Amino acid sequence: MIELKDVYKTYPNGVLAVNGISVKINQGEFVYVVGPSGAGKSTFIKMMYREEKPSKGTITINDINLAKLKESKVPYLRRNIGVVFQDFKLLPTLTVYENVAFALEVIQEQPKNIKRRVMDVLDLVRLKHKARFLPHELSGGEQQRVSIARSIVNNPKVMIADEPTGNLDPETSWEIMNIFEEINNRGTTIVMATHNREIVNTVRKRVIAIENGKIARDELRGEYGYDS
Ligand SMILES: Nc1ncnc2c1ncn2[C@@H]1O[C@H](COP(=O)(O)OP(=O)(O)OP(=O)(O)O)[C@@H](O)[C@H]1O
Ligand SMILES: [Mg+2]
């Protein structure tokens with residue numbers, strides 16, 4: 001379970017990006033985070049994988065208090081949380097296979113387990129046949145599928161995505177969305193910030209709307225609710 005209690009975030013320049021958020025997300029939920037540009041969605045999400053620390057309040061994920069977590073323990077946290085970004089963040093000189101295997105090599109997983117697990121997740125994102133390709137040889141949608149494979153190769157209980165379809169055309173966005181649904185159906189919690197109104201309004205899930213750093217709406221099977 002993810003729980004935020006009375007969380008505030010003020011950046012060093014004085015911007016109050018998150019202004020008192022309390023929320024609970026249960027294991028296995030699929031949550032869209034929506035809201036206007038600059039509302040605090042990315043800040044909210046970054047605090048969940050400790051890219052940013054809250055200025056006040058507590059954030060617990062599966063009983064780990066992220067606000068108090070020592071810097072030296074952050075890599076362990078990241079192994080249990082898959083993160084997907086708008087711009088993929090693949091390592092350009094590594095193949096698809098190597099980009100995904102990397103996360104297992106750093107934890108010194110046995111080579112035979114690495115191979116099996118990497119091929120399993122590449123199969124899930126339907127990219128086994130491109131395992132030897134380099135990122136620049138792939139389309140945007142394929143690159144995002146590699147980054148999804150990389151984020152789940154450790155079998156995390158929680159997956160966090162910040163506008164994962166932000167750089168993709170509508171059809172490719174739907175392919176990516178289907179993969180997220182498949183991962184969620186296997187029990188992984190998904191928290192996804194998105195501006196994709198069509199997806200939010202079609203595949204109804206819990207919607208948390210953030211405006212001016214606060215929760216403006218929190219609805220099960222909610223709507224996108226903005227014009228752009
Ligand atoms: N590193 C930072 N330092 C200072 N201010 C920041 C930083 N990151 C974000 N902000 C500010 O915090 C506020 C919230 O930004 P955030 O990126 O969380 O919004 P967002 O809802 O993700 O917007 P978008 O939909 O455009 O991605 C904005 O006013 C932004 O300018
Ligand atoms: Mg953002």
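Student: How do you know where Lys41 is placed?

Tutor: Lys41 lies in helix α1, helices being DSSP runs (H or I, at least four residues) numbered from the N terminus. The model is predicted: local features need pLDDT of at least 70 and side-chain atom pairs 80 or more, while totals for chains, interfaces and linings use all residues. Residues are numbered from 1 along each chain as its sequence is written, ligands are numbered from 1 in the order written, and side-chain values use heavy atoms, without hydrogens and water.

Student: Why does buried Lys41 have no salt bridge?

Tutor: A salt bridge requires a side-chain nitrogen of Lys or Arg within 4 Å of a carboxyl oxygen of Asp or Glu. The nearest side chain of opposite charge to Lys41, Glu163, is 5.3 Å away, so the criterion is not met. Lys41 is nevertheless buried, that is, under 20% relative accessible area (1.4 Å probe, protein chains only).

Student: What does the side chain of Lys41 reach at 2.9 Å?

Tutor: The side chain of Lys41 reaches the backbone oxygen of Gly35 at 2.9 Å, and that of Pro36 at 2.9 Å.

Student: What makes the pair between His195 and ligand 1 a polar contact?

Tutor: A polar contact is a pair of N or O atoms within 3.5 Å. An N or O atom in the side chain of His195 is 2.7 Å from an oxygen atom of ligand 1, so the pair qualifies. For Glu163, the side-chain distance to an oxygen atom of ligand 1 is 3.4 Å, so that pair qualifies as well.

Technical notes:
Polar contact = N/O pair within 3.5 Å; in protein donor to acceptor, adjacent residues only side chain to side chain. Helix = DSSP H or I, 4+ residues; strand = E, 2+ residues; numbered from the N terminus. Buried < 20%, exposed > 50% of the residue type's maximum accessible area, 1.4 Å probe, protein only. Lys, Arg positive; Asp, Glu negative; His and termini not counted.
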